Each structure stands twice: as structure tokens, then as C-alpha cells.
Amino acid sequence: MTATVYLTLIFSLLISSPGSGRNGSSAATLNKFVRYKGGIDKLTFKRGAKGFLTFTLNPDKGIHINSDPAPSFVFDSTCGIAADGKLEVPKDEKTKFVSKKLPIKQGFLIPAGVTTGTVSIRGTLTYYYCSDAEGWCSRFKQPVEISVKVTD
């Protein structure tokens, strides 16, 4: 490995440390090669309702997001929200990498026993991104935190 690859890997490890912030966008959780945007289909849910988290990954020119290994999302066990189905990862038909145009989706379920009021949906989106020109790849763990209102 070249010095550039080592420095890139070290930098990637430093910036991928967990942190919290709405949508995981605090300075400590930014990937300098990939712009991230997290969203949700609505901000108010009844107990027992289902919803979708959406994640958009927009890599810089010359960077791609691998579809193999595919991105993954794990809910924080302390938030009380459960996955509903598998992570939907759209692929670009031409390149077979993760699509830049369509969002990644994760279904979730607000449990019937959750307390009403404001609830934080927390988890970690993990993906692998690579440089087309330089031939290096790195893993990034994007913390996600989105607040929703839960009603009866």
C-alpha cells in the first residue's frame, strides 16, 4: 500500500467515529468523499404504525458506493424501534454500484408499547466506498438519529 492509501485509511477511521446529532450530521460523522442525507416518510406516527427511513448517498466524482458488500443498517437497541423488512438498496443498472439517484430505504415499526411523545430513531448505516482512480476502498459508519412524535 502507498502512503496515500495509509493516510486515507487512517483519516477514514478518525472521521467514522460514532457521534450523535440529528440525521448523524455532526462534524465528527461526516465523510469527506460522500454526502449523506437521512430522511423519514413522516414525522408523526401512531403506536403500532410502520414507516420508512431513507438514506441518500451522493459520492464525489470518481468515488462509488459498493453494492457488494451491500450497505447495512442496524437500529440502536436502546431506541425501541424495530426493523420492518430488509434494507432496500437500489443499484445503478449500468455500473451495478449503489444508485446515486434513488434512496436506500429501511422499513421500521413503532411498537405498540412505546411511550407517546418524542422518540428518537437511532441506528448506524454502514457502507463501503471506493476511489475509481486510486483503487482504495474504505468502510464508513454513518450514525443516524431522527426524532418523531408518537401518538395514541
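This report describes the fold, the strand pairing, one buried histidine, the aromatic pairs and some backbone features of a predicted protein model.

The model is predicted, so local features need pLDDT of at least 70, side-chain atom pairs count only at pLDDT 80 or more, and totals for chains, interfaces and linings use all residues. Residues are numbered from 1 along each chain as its sequence is written, and side-chain values use heavy atoms, with hydrogens and water left out.

## Overall fold

The protein has one helix and nine strands. Helices (H or I, at least four residues) and strands (E, at least two) are DSSP runs, numbered from the N terminus. Along the sequence the order of elements is α-β-β-β-β-β-β-β-β-β. Of the 152 residues, 41% are buried; buried means under 20% relative accessible area, exposed over 50%, and partly exposed in between, with a 1.4 Å probe and protein chains only. The protein exposes about 8600 Å², and carbon and sulfur atoms supply 56% of this area. Accessible areas come from the Shrake-Rupley method with a 1.4 Å probe, and for residues only the protein chains shown count as cover. Contact means heavy atoms within 4.5 Å. Among contacts between residues at least 6 apart in sequence, 67% join residues at least 24 apart.

## Strand pairing

Two strands pair if DSSP finds at least two bridges between them. The table lists three pairings that involve strand 8.

| Strands | Direction | Bridges | One opposite pair |
|---|---|---|---|
| Strand 4 and strand 8 | antiparallel | three bridges | His64 and Cys130 |
| Strand 5 and strand 8 | antiparallel | four bridges | Val74 and Thr124 |
| Strand 8 and strand 9 | antiparallel | 14 bridges | Leu125 and Gln142 |

Strand 8 and strand 9 also form a hairpin with five residues between the strands. In this hairpin, Gly135 takes a positive phi near 80 degrees.

## His64

His64 lies in strand 4, which covers residues 63-65. Its relative accessibility is 12%, so His64 counts as buried. Two polar contacts of the His64 side chain can be described. A polar contact is a pair of N or O atoms within 3.5 Å; within protein, one must be able to donate a hydrogen and the other to accept it, and residues adjacent in sequence count only if both atoms are side-chain atoms. The side chain of His64 meets the side chain of Asp132 at 2.5 Å and the side chain of Asn66 at 2.9 Å. With neighbours within four places in sequence left aside, His64 is in contact with Pro59, Phe97, Tyr128, Tyr129, Cys130 and Asp132. Cys130 is also the bridge partner of His64 in strand 8.

## Aromatic pairs

A pair of aromatic rings is described by the distance of the centres and the angle of the planes. Rings of Phe, Tyr and Trp (its six-membered ring) pair if their centres lie within 6.5 Å; planes under 30 degrees apart count as stacked, over 60 as edge-to-face and the rest as tilted. By this rule there are nine aromatic pairs. One of them joins Phe33 and Tyr129, a tilted pair with 5.8 Å centre to centre and 35 degrees between the planes. This pair links distant parts of the chain, 96 residues apart: Phe33 is in the loop between helix 1 (3-15) and strand 1 (34-40), and Tyr129 is in strand 8 (residues 117-131). Both Phe33 and Tyr129 are buried.

The rings of Tyr127 and Phe140 have centres 5.7 Å apart and planes at 45 degrees, so this pair is tilted too. Tyr127 is in strand 8 and Phe140 in strand 9 (residues 137-151), 13 residues apart. Tyr127 and Phe140 are both buried. Ring pairs link Phe33, Tyr127, Tyr129, Trp136 and Phe140 into a cluster.

## Backbone features in loops

Most residues other than glycine have a negative phi, and most peptide bonds are trans. The peptide bond from Asp68 to Pro69 is cis, with omega near 5 degrees. Pro69 lies in the loop between strand 4 and strand 5 (72-75), and Asp68 is in the loop between these strands as well. Asp68 counts as exposed because its relative accessibility is 69%. The C-alpha atoms of Asp68 and Phe97 are separated by 8.1 Å, and the two residues are 29 residues apart along the chain.

Lys96 has a positive phi, near 70 degrees, and is a residue other than glycine. Lys96 is in the loop between strand 6 (82-83) and strand 7 (104-109). With 46% relative accessibility, Lys96 counts as partly exposed.
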